[in-house]
Each structure stands twice: as C-alpha cells, then as structure tokens.
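Hi,

Here is the structure for you to look over. My notes follow below it.

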Amino acid sequence: MNTSHSVDVLVVGGGATGAAAAYDLARRGMRPLLVEQLDLSTGTSGRYHGLLHSGGRYAVRDLETAAECIVENQVLRRIAPFAIEDTGGLFIATPDDPADFPERWLAGCRTAGIPTESITAAQARTQEPALTPRITAAYRVPDGSCDSFDLIHAFVEATRALGGDALIYHRVRDLIREGDAVVGAHLEDTRTGERRTVSAACVLNAAGPWAGVVAGLAGLDVGIKFDRGAMIAMNTRWVNTIVNRLRPADDGDILVPVGTVCVLGTTSVHTDHPDDYRIEAWEVSKILSEADVVVPGIRHGRALRAWAGVRPLYEPPEAGHDDAEGREVKRTFSVIDHAQRDGVRGLVTVVGGKLTTCRLMAEQAVDVVAAQLGNEARCTTAGDPLPGPHAPRYHQLGGRLHKLEHGELPGELICECEMVTRAQLEAAIDAYGDQPVALDDLRRDLRLGMGPCQAGFCSYRAAGILQQKKGHTGPDTVEAFGAFVDERFRGVRPLLWGHQLRQMYLDELIYRRTLGLDQLAEQPTEEPAHA
Amino acid sequence: MPENPRANIPPGAGTDVIVIGAGLAGLMAAAQATQAGARVRVIANGWGQQIVSPGWISVCDRADDDVIAEVRGYAAIHPDHPYALAEDDAMVRGIEAFRNVAQQNGQPYDMRDKDGHNLRLMTALGAIQRPMLAPRGMANGDLTGVGGPVLLVGFTGWRDFFPALAIDNLRAAGVEARAVCIDLPANPSGTWDLWPGDVARLFDGADFRAAVSGRIKPHAKGAVKVGLPAVLGLENPVEALADLSEQIGAPVFEIPTLPPSMAGVRLSNALRRWLMRHRARVQVGHPVVRGVVANGRCTHVEVGALGHTNPFYADQFILATGGLYNGGILSDETGRLWEPLFDLPVATPPGDGREGWYGERLLQERGHPIHRLAGLRANKQMQPLGQDGGPALENVYAVGHLLAGFNPLTDGCAEGIALATAYKAVQTALQLDE
Ligand SMILES: Cc1cc2nc3c(=O)[nH]c(=O)nc-3n(C[C@H](O)[C@H](O)[C@H](O)COP(=O)(O)OP(=O)(O)OC[C@H]3O[C@@H](n4cnc5c(N)ncnc54)[C@H](O)[C@@H]3O)c2cc1C
Ligand SMILES: Cc1cc2nc3c(=O)[nH]c(=O)nc-3n(C[C@H](O)[C@H](O)[C@H](O)COP(=O)(O)OP(=O)(O)OC[C@H]3O[C@@H](n4cnc5c(N)ncnc54)[C@H](O)[C@@H]3O)c2cc1C
C-alpha cells in the first residue's frame, strides 16, 4: 500500500529535540509531522544520564554550553514541572582532585550565571550522609533529575493538541529531492513494512547521532563523530541529591538519583557507529570505582542494569578543531541550514547539545525552518507551561504502594518489583487499539520488568495477559516473550556478578526449566548489530 | 550463681556429621546419614533451589531410551563429570534412596515405567520436559502416547497460570488440549496478591476441593487428563490429587508454574519433619560464616548469630551450599570466584575477568560457560580438591550444585547429580562401603 499526504514540516526523530521542535512548529502555526523509527525516547534521549544540568559540568571547558544549560534548566522547570525532580546538585572535591580546580570552576560558574553556594564538608554530609568524609570542597548548584520520557510525551501530546501529528515505528527511508530542494520523504512502517510518502515544505532533521545518515539520504554530508558513554543503575537511590565530582570532566563523575534508582556514569569512548551500544568490562569497573570514591561502599551495592548512549559530536568546520575527540569536543549544538551550506533548500539539521537544552535547540532550528518558509511568528515555547500536572510525577514505589493500599490501583500485581497491576497493564494494551504491542512497549509505558528481577516473573504473566487481550496465537506470544527476555538480558549482561548473577540464574531457571521457553522461542538468525 | 552444667560442652558436640545447605543434595545427604545411624545436624542459610524449581527430578533429560544406560555411557567418556565421580551405582542407589525417603514422607515420586524411560511432562507454556521422576501430581501428566484431548484449567484472574498459553504449543507437540478458567470458590485475600502458597493452602481443604471439582467437571467431558497449576495442596498432596481426580472423573495432574514451587516446599517440609523425628537437628535460617581447619581437617564451623558466631563441632562435614545461585560460590565484579567457607579452589572459566562468563543471549543453546565451568573439583570420594590436586581436607565432602562440570540449567541432570553425589559422599564419610 502506498498512501501519501502532505505537511508543512516533517520532523525526523522522536527524541527530545525532535519532540520540542514539533511542538515549537505547531505553536508557530506550521503543521508538523514527527516520525520516529522506534518508539518515542528510545534513541539517545532514552539512553542518557537523567541529569537536568545546571551547567556546572561545563563551567570550565565549555562556557557556552554552561550558559545555555542554566537558562534552559530554569525554562524546563517552569514549562515541564511534572518531568523534573528538584533534587538539587552538589559538586564535591576530594584530596585526589586538582587543588586549583574549584577556583577556576567558580569563576566559570560566575561567568555563565550559574548560582553556587559554598557549604562545608559537614553540611554536605548532613545533606547526604552516604558521602565520603574525604571532602575538601563542596558547592550546591541547581541540578535536577529529568524524566525524558515524560518530557517527550508531553511535547508530543501538546503538538497533537495543536493539530500536528507524530508517527512512531516509522523510518525515513529516503528524502525526496527535486533539483536543489528536499520536498518530502518516503517512510516505512518498521513493524509491517508498509510504505508511504509524505511531501513537506521542509524537513527538520533531528535524528541525533543518526543525523548524518538522514542528511545522507538527501546526498548531503554532515561530518559527525560518535562518542559512546555507559551508565549503570543501582538498585536504590543511595543519595537524594545529584552528586558531581569537582574536577575536570572525566569518567564516572556523576551520580543521579532518579525514580527508584541511582544512575552512575559515564564514560567517553570513541566509536564509528551511531548505534554501538556495547559496554566493556573496564567501563563497568571504572564507573563503579569512581562512584565508590564519592559514596564509599556503593560498588558493593546491587547493580540492576546498564546501558550506553552515543553522543553525536559535531564541530562546524569554521571551529577549526578537526581532531578534537570525546570530552574535548564542546557540547553545544549546531543548526545546519543546508540551503546556505550546500545550496539545498528544504532541509535543516540540528545536532549536538544536551537534553537540557533541547527546547533551545528546537527554537533555533525552527527559526531557520521558519525563515525558509516565510513564517514570521516568534518562538513562544519558553513561556507557557506544557499541558500536564503542575507537580513532579515521581516514579517512586512509595506512591504506587500508597495507591495499592488505598484501593486506587485495583487488580493483582503483575510486576511486583515496580508494582504494576493487571488493570494498568490492560489499560495500556487497550491504548494501542489495533496497533501491534510489544512487551517492551508496555515496559516503557508502565516500568514493567524494570526492577531487580528484570522481568523474571512478570514477563510470563504479561505474555499471558497480552495473549488474552489480543487473541494472539501461541507462537506469536512465545515470540513476544522471547524478544522481551532478550531485551531485558542485554542490559544486565554487563553486570553479572554477585546479586545480579544470582537473579539472572533464577530468571534463566524459570524460562528454561519451568517454562521451556528456550525450546519454543526461535533462535534469531541475525546477530544484533555490534554485539 | 549456679554453674551451668552445659557451659563447657561445645555446641554441636556429639554430632557425627554436619551438612551445610538445605537443597536437595544437603537434605538427602542428611537423610541417608541419619538412616545409617549417624547423629546429623543440617545448618543452612535458607532452603535450596527446590523452592524455585519445577519440582521434578532430571537425571538425564535428553535420554531417549534407558536413562541409566545413557548416563553410564556419558560418564565413561567424561571422567571429570560429577556422575563419573559418583560412579553409577551411587546414582542408582541415590535415586532409590530418594524415592524411599520421599515415599515414607507422603511425597511419592513416580517414573514412567520400570525400564527407566523419561517422562514427557508439559510446561505452562506447552513445551515438553523430560525428567526421569516427578512428584505423583506431575507424573500423572505424562504425555507419552497421549494425543488428547487434555483439559487445562486455570483460575480466573490468577496471575501465575495462563492455561491458554500452552494450547498451540502443545498441539505442535502432537497433543490436543483446550483451556478453561474457572472462578475459585473463595479468594481469602480478595485483592491483588495471591501467591502459589495461598492457593495451595486452600486446596488442603476437602470442601474447597469438592467445590472446585464441581466447577471443573462440566468442562472435563471427554478429557483424558485434566491439568491444573502445581498448587494442589501443601499438606497431603496424594489425597488432594486422588480426591480431585475422582470427583472430576479424569486423572488430574499438576503443571509447574512460577516460584515458589509447591513441590519443593512440600518436599522440604516433609524432609525436615522426618529428620527431626529421627533426632537430626535442622537449622534453616542460620548462615555458616567459616569453616575452621587444623591439621588438614575441619574441626568446626562458625555459625552467625546476632553480632557473634557460635562454633559447631562434628567429625565429618558435607558441603552442600549450592553453586552460584545459593551462596556456595561467590563472585565479584572483577571476575573473582571463591568458596567462602573454606576458601577451596574454584574452577573458573578461561579468559580475563568476567569476559567469558556469559554469551550474548540469555536463552542461547547450551547456556552460559559460567554455569558449567565454575565450581569445585572433587575426587571419587567427593572430597574437594586442593591446589595440589589432592583432597583439600580429610573430612570435608562437596556435593550437588557446588561441583563444576555441568550446567544445571541446560544439561537436564541437576537433581540426578544432587542425589548421586549426596549418596556417594555419605558412603565415604561414614565408610559405609559394603
Ligand atoms: C551517555 C550520555 C549521557 C548523557 N547525559 C545527559 C544528561 O545527563 N543530561 C543532558 O541534558 N543530556 C545528556 N546527554 C545528551 C542527551 O542525551 C542528548 O543531547 C539528547 O538526548 C539528544 O536528543 P535528540 O532528540 O537530539 O536525539 P535522540 O534522542 O537520539 O533522537 C533521535 C531520534 O531519531 C530517530 N531516528 C534516527 N534516524 C531515523 C530515521 N531515518 N527515521 C526516523 N527516525 C529516525 C532515532 O530513533 C532517535 O529516536 C547524554 C548523552 C549521552 C550519550
Ligand atoms: C523437588 C525438587 C525439584 C528440583 N528442581 C530443580 C530444577 O528444576 N532445576 C534445578 O536446577 N534444580 C532443581 N532442584 C534443585 C537441584 O536439584 C539442585 O541442583 C540440587 O538441589 C543441588 O542442590 P544443592 O543442595 O547442591 O544446592 P541448592 O539447592 O542450591 O541449595 C544450597 C543450600 O545451601 C545453603 N547455603 C549456601 N551457603 C551457605 C552458608 N554459607 N551457610 C549455610 N547455608 C548455606 C542454601 O541456603 C541452600 O539451603 C530441585 C530440587 C528438588 C528437591
């Protein structure tokens, strides 16, 4: 089947940048269609550290990013309070860190406009008792933690309310060029293979690390370097404040309490592929041992899950640092007007930046789109709050437990770790209508299978409920079950020692011996990329 | 203050054998040593893997014909395999001893036939597993030569068993089946968390069973067997099974579902009671923190209590602490593997750190190297080997899952090895060899 329709702007990429851009376009009266090849927030925006930067991290090396972060930090708190937990942040120096650094850092913060508050080591440890006693300097900054999933969904819902639309599980296969203009795209449904064509007055390429690939579809070259970073979620929060090392940015500097876990990270490893999600053993060791300096004992805690994301690093040729790599490349972003740069109209690429600065990136990219389309409306996304609750929507177990105990969450517990009930699961399945639903979709909707057991118990239950609701065949259900098991395993595989090794043993026992899933599930023919 | 007459007697004095661990291997070692007249004490942190396992006894799942012959053939060419160490009469007698003890305790385990063929039992997903023995409730579900129709019964709304999931997969295995969910006559919690144990306790009631049977019977017409989740009572499974079968009018069988496993709980409870009736001591919930060694022998173990440790003395020590799952072998992030009680040498997968431990996919064929390769090596007396290849300690024996050389998740022999090695260790420890 080949359906076609036309929109003002086709936005490629359902990460934070694309979602913010679709929202901005819709507010300025340009009808956007956002396309995302997987689910919303599954690219870099779903594989990040969870930190709403104050900018402190960049205050020495990258003042421009630092200044952008502090401004956008305040904007996001205002427009998306439901997605942000105001944990506050600490920068902590230990005797192992360069003694002259705090001075330089403070100066940078001052220039960038980042408020800092000097506190004593004792105050820091009163606030966060798990911190090391070996503190030589401590400062408070306005860091926060951010749920990118809630943020991106809010941008997309608001876009829809304004007449725009979003298509998930659709990949841009090709950009359509007519002479010196991009005029639309061929899309493919990544689950059914169905094709369709969309014509658009302009295409906004917000494909994150894949932005080079997407530009390539129009025959254009955007030189992007890739930098991989790993993160580890620990079983509990450990701290309630974001903790940063006060030293030149390095591996394993940051601890972010988010939802029920504490995310440790990250690393910086050059790679040649935008979807290289490997995690090497040394990265795990490094992250744990660095975190252990700040919070002694944390390395013996239970590590739940690890993941990696790929930063697209782009330096405009005019910056003249051709050979900068990893953390040397600035974290600010670039908007590429291909009309100016390459003489091809109808395509704008936005790349780099931070999740914290996604709204600003969108604003500047949409400015360029608007100029091409002759739209003169001004950006208003920093003003009005996004529709949504006006308080943080914490994903903490206490909240769910309270509801369970007071009858506000009916139905049996299906996922005990994350307290997901049958009623929630059924409602989430219903929300897909007659679209296909993967167990992994339900995981992202509900946190199903994200706790300590990593779906050992709930995957069977959820498969049973999914089959009941959808009337699937046995083989289809087994396939869905097997896919979920594979997906969950990928994130624990780097962490298999001690507690989590025992957990996976139990899960494997359930799948193989109790259920015989290994006999039934097809072994996949192709190896996962870069595995 | 009057002098305490027992003050100078070390705790555990008068014990011949201390068994550390309460898995299948530990409990059977304790039972056999007790039967042989030894004074036995079982000390374990918690129950072993039977509590989370399906409940059947895999000796050599892949054997098409005579299981024992297949094991003998395998052991002959794999001299380091635990079956080869235990030697085949230990396997045969270990299984026999297990059946006897279990039977005496109201937990009969049945085979398909006398010729040692494996059973064909269905899983909750409709896959076929082929253990050699199973608790009667599961063995009743043998599908050898059964084309159906089989009726599968679930309980409406119960999260741990979805009978419809099995239908298509069973059909692919040549068995016609249909599924039905009935409302349970009573749900005491009325809310969101009914555990297998909650349901099993309901099935201990004869009235409850009669009510359930009444609801199943109309669906059972023409069914050659009726399968329910393995929660049919805790106290008297044989009676529960007979009642249900009679009232429904077709043989009823049990299908393992998510842990905790009622088959494992029944067996553990029964063996504990039996051991205690026979004057063995059973301390479950007590961590052994260290074995104390002098002159190549273990003199005693130290058992953790609140803030201190108590010594327990014995002549012989059977180490049945399980493998990586139950704490018999510990692992850390750097790739170190160690045995925490005696610091015995642990066989380790080749390669750097943890690199070689796991493959890419959880359910990949043949499983993961760590589960096959990590463990203790032992000699034919079941004594763990020291660095020099000789027995590490004169009076310490290693059994069950703790041993290297098999993968309990994929090889289909975990329980057989537990039984064979437990039997052999008791024979050598108590010098019972005829
Ligand atoms: C390790 C790491 C840690 C980080 N930590 C932080 C942090 O703590 N705080 C912070 O503010 N920032 C952080 N960042 C940066 C932040 O994650 C990114 O800046 C942000 O997520 C980028 O969002 P995006 O929308 O531009 O890209 P993405 O989220 O990658 O979105 C691009 C989307 O495009 C889709 N796509 C690609 N090609 C196609 C196609 N052909 N058709 C359709 N769709 C396509 C992809 O599937 C993807 O979903 C971190 C980054 C990394 C790598
Ligand atoms: C009915 C039944 C069904 C079974 N089904 C299966 C199955 O399907 N799959 C399977 O793999 N296994 C199954 N098992 C268990 C399987 O047989 C094990 O491989 C076997 O029990 C080996 O057991 P083990 O005793 O060596 O270790 P485990 O069963 O793992 O038990 C180890 C014991 O040692 C204790 N322990 C560990 N460290 C210490 C310490 N420092 N101090 C004190 N105590 C300690 C633990 O708490 C535990 O009690 C089953 C067992 C039974 C009885």
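From which domains of chain A does the shell around ligand 1 draw at least three residues each? There are two: domain 1 (2-44 + 149-223 + 324-373) and domain 2 (84-142 + 225-313). Please keep in mind that this is a predicted model.

Now the shell itself. It holds 36 residues. The closest are A:Thr17, A:Glu36, A:Thr44, A:Ser45 and A:Thr356. By class, the shell has 18 polar, 14 nonpolar and four charged residues.

Next, the polar contacts of ligand 1. A:Ser45, already listed among the closest residues, has a side-chain N or O atom 2.5 Å from a ligand oxygen. At A:His53, an N or O atom of the side chain is 3.4 Å from a nitrogen atom of the ligand. A:Leu355 takes part through its backbone: a polar atom there is 3.0 Å from an oxygen of ligand 1.

On its own, ligand 1 has 1,000 Å² of accessible area, and the protein covers 96% of that. Four elements of chain A give two or more residues each to the shell. One is a helix, H1 (16-27). The others are strands: S10 (170-178), S13 (225-234) and S18 (303-313).

Last, chain B. It is also divided into two domains. Domain 1 of chain B covers 16-102 + 266-429, and domain 2 covers 142-250. Their centres, taken over C-alpha atoms, are 34 Å apart.

Best wishes

Notes. Residues are numbered from 1 along each chain as its sequence is written. Chains are lettered from A and ligands numbered from 1 in the order in which they are written. This is a predicted model: local features need pLDDT of at least 70, side-chain atom pairs count only at pLDDT 80 or more; totals for chains, interfaces and linings use all residues. Side-chain values use heavy atoms; hydrogens and water are left out. A residue is near a molecule or strand if one of its heavy atoms lies within 4 Å of it. A polar contact is a pair of N or O atoms within 3.5 Å; within protein, one must be able to donate a hydrogen and the other to accept it, and residues adjacent in sequence count only if both atoms are side-chain atoms. Accessible areas come from the Shrake-Rupley method with a 1.4 Å probe; for residues, only the protein chains shown count as cover. Ala, Val, Leu, Ile, Met, Phe, Trp, Tyr, Cys and Pro count as nonpolar, Asp, Glu, Lys and Arg as charged, and the others, Gly among them, as polar. Domain bounds come from an automatic or database domain assignment.
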